[in-house]
Amino acid sequence: MARPKLAVWKFASCDGCQLSILDCEDELLAIADRIDIAYFPEASSRMAPGPYDLSLVEGSITTADDVARIKDIRDQSRTLVAIGACATAGGIQALRNTADVAEWTRLVYPRPEYIETLATSTAIADHVRVDLELHGCPVSKAQLVELVTAVLAGRRPQIPSAVQCVECKRHGTPCVMVSHGTPCLGPVTRAGCGNLCPSVGRGCYGCFGPVEGANTDALAAQFRRLGLPEAAQRALYGGVTCAAPAFAAARGRHD
Amino acid sequence: MEALPNTADAGMTRPRLIDDPRDLLRHFLGQGYRILAPQERDGVIDPAPLTEPEALPRGRVDDQGPGHYRLRDGDPDRWFDYVVGPSGWKAWLYPARRKLWSAERTDDRLTFRDATTAWPKTVLFGVRPCELAAIARQRRIFAEGPYVDTAFAERLERSIIVVVQCARSAPTCFCASMDTGPRAVAGYDLALTELPADHGAAFLVESASQAGDDVLHTLGGATARPRDHAAALDLSRAAAARQTRTMPDDIAGGLKLRLESPVWADIASRCLTCGNCTLACPTCFCSDVEEVSDLSGDHAERWQLWDSCFNSDFSFIHGGPVRSSPAARYRQWMTHKLSYWHDQFGSSGCVGCGRCITWCPVGIDLVAEADRLMAEGTD
């Protein structure tokens, strides 16, 4: 049987999720044995033409060219998976969505007239059909390997949908809100990072985006009881998943 | 609460007096036991392996309230003035993640291997009465029902339980109204009561099993007098009297008459559906199983993980989740815990430890919500 063809694509992003693929050191050779890495410019100068069995797409859509290119990639891909906070929520660059992009361009670039950009940074799923999303900033190595394993086995990948609090409890990490009053987005955030921040006593920054049914109003009430100013609450939701609908709405309520 | 029975005859050996709980720990360490005992870590006190008797969190006290837990210094001479921490004994007896089995595929053969790990002979030291009740309730489900979790049963069989009776109640404690504390009267091997400083002896040690008797014989120490028992019972009565929360007596039946109460929607508006209450609860036992395979497809494992009825996937069946609204999920948790548990297992699922109140990140108070529901009319 021919090995499935893999392509890895980049849009507006920092390349960190692609590096997470390369960081699968222990599994990478086994993956390369079983999958034809046909298109992955970050890793190889070989760029074989499509169609592709599996496309991993990093980054958000921020230009008119991106809009056309993602449609072309969709047409060439049997399964398309958006990977990381940029591809699934628009990334940190989606802070522009609630700002004056022309003004920001003038502030940032010495020759703003060279910049052609959309007013928004949006997720891949806002433009084409996406078969699966892997969340996080960066994506979890374990989830990447699970995705490839599942594709090879022809089964559905097991990607956690539970809330971050479940991860803390399973790891025996004491709740940072309850035990030291640290503001934490864990109760409204999807698990998957491997419990990085709470396990070192930090609050969750929401990198994996809002969990289904995130009750940000209930969390806001507790933040107020903890004495967290409105501006600080707004800043909490201004991270890499700021444009995910539930977080964008919560951020908007603290204006 | 129920009248406190006199425990003088509970053990087979006359209770003793000892001055220092470390003597007991040294005895068990000398016998080759693994000791799990409350220790301070990451700002909380929870059971952990203890190799050095000095590691007991002497003089520390936990301040607890809805959504609030802080440790502070208390009387430096008191050993056990804290109450219960977030994880408790459930995390040991019923681990959050456990490999159940693995399978290997070779040619046309599948080989399965039981992945249960051995449980060394262990002392559970410092189990509180409410926690003892919780262990008994999980034992009824896992080890005494029609489907036995043999790993859970073995862990308990190979464990000696040393209870510490509570002389202090946290504001979140309501064991007295659940008849599970603050004094355990049976179901342990040994029970320590830390007597008041002016009593003249530090600890009353009672046995309720052969294993406990054996330890008492080895330990020595003076035989307890009637006034020692009286002091211990006085302490328990005082700890019960200081509890400020009381679960309504008729909650088991009352909830069934209020399934359509508007209070459920009000709770849901404040509830994060994060599941912290269920995971901190010492009797909640729901789990999920996950299969994992490697890239070759020749090796697979099945894992059991703690799950929660607050997760949206928990009740997912073909077409969607059975309990899609947060109100339905909170109602499921509370009615099962306080009402349907009686029908299913013959007791309440609640032992009054207060963890669900303390560890709710937004401080939803189970007892206060029970009061509000009961104050509302029936459906």
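**View 1. An annotated domain in chain A of a predicted model****.** The UniProt record, an unreviewed entry, marks residues 14-150 of chain A as "domain: NADH:ubiquinone oxidoreductase-like 20kDa subunit". The C-alpha atoms at the two ends of residues 14-150 lie 27 Å apart. Helix makes up 39% of this span, and strand makes up 15%.

**View 2. The side of chain B that touches chain A****.** Here 37 residues of chain B are in contact with 32 residues of chain A. Several elements of chain B supply at least two residues each: β5 (68-73), α9, α10 (276-280), β13 (287-293) and β14 (299-306). The largest share comes from α10(B), with 3 residues. Sorted by class, this side of chain B has 17 nonpolar, 14 polar and 6 charged residues.

**View 3. Helices α9 and α11 of chain B cross****.** Helix α9 spans residues 263-270 of chain B, and helix α11 spans residues 326-345 of chain B. Their axes come within 8 Å. The crossing angle is roughly 105 degrees. Angles of 65 to 115 degrees count as roughly perpendicular, so α9(B) and α11(B) are roughly perpendicular to each other.

**View 4. The residues where α9(B) meets α11(B)****.** From α9(B), the contact uses B:W264, B:A265, B:I267 and B:A268. From α11(B), the contact uses B:P326, B:A327, B:Y330 and B:R331. By class, the contact has 7 nonpolar residues, no polar residues and 1 charged residue. Helix α9 of chain B also appears in View 2, as one of the elements supplying at least two residues to the side that touches chain A.

Definitions and conventions
Residues are numbered from 1 along each chain as its sequence is written. Chains are lettered from A and ligands numbered from 1 in the order in which they are written. This is a predicted model: local features need pLDDT of at least 70, side-chain atom pairs count only at pLDDT 80 or more; totals for chains, interfaces and linings use all residues. Axes are lines fitted to C-alpha atoms, for helices over the stretch in contact, and angles run from 0 to 180 degrees between N-to-C directions. Helices (H or I, at least four residues) and strands (E, at least two) are DSSP runs, numbered from the N terminus. Angles under 35 degrees count as roughly parallel, over 145 as roughly antiparallel, 65 to 115 as roughly perpendicular and the rest as oblique. Two residues are in contact if their C-beta atoms, placed from the backbone, lie within 7 Å. Ala, Val, Leu, Ile, Met, Phe, Trp, Tyr, Cys and Pro count as nonpolar, Asp, Glu, Lys and Arg as charged, and the others, Gly among them, as polar. UniProt positions are given in the numbering used here, feature names are shortened, and annotations may be inferred rather than shown by experiment.
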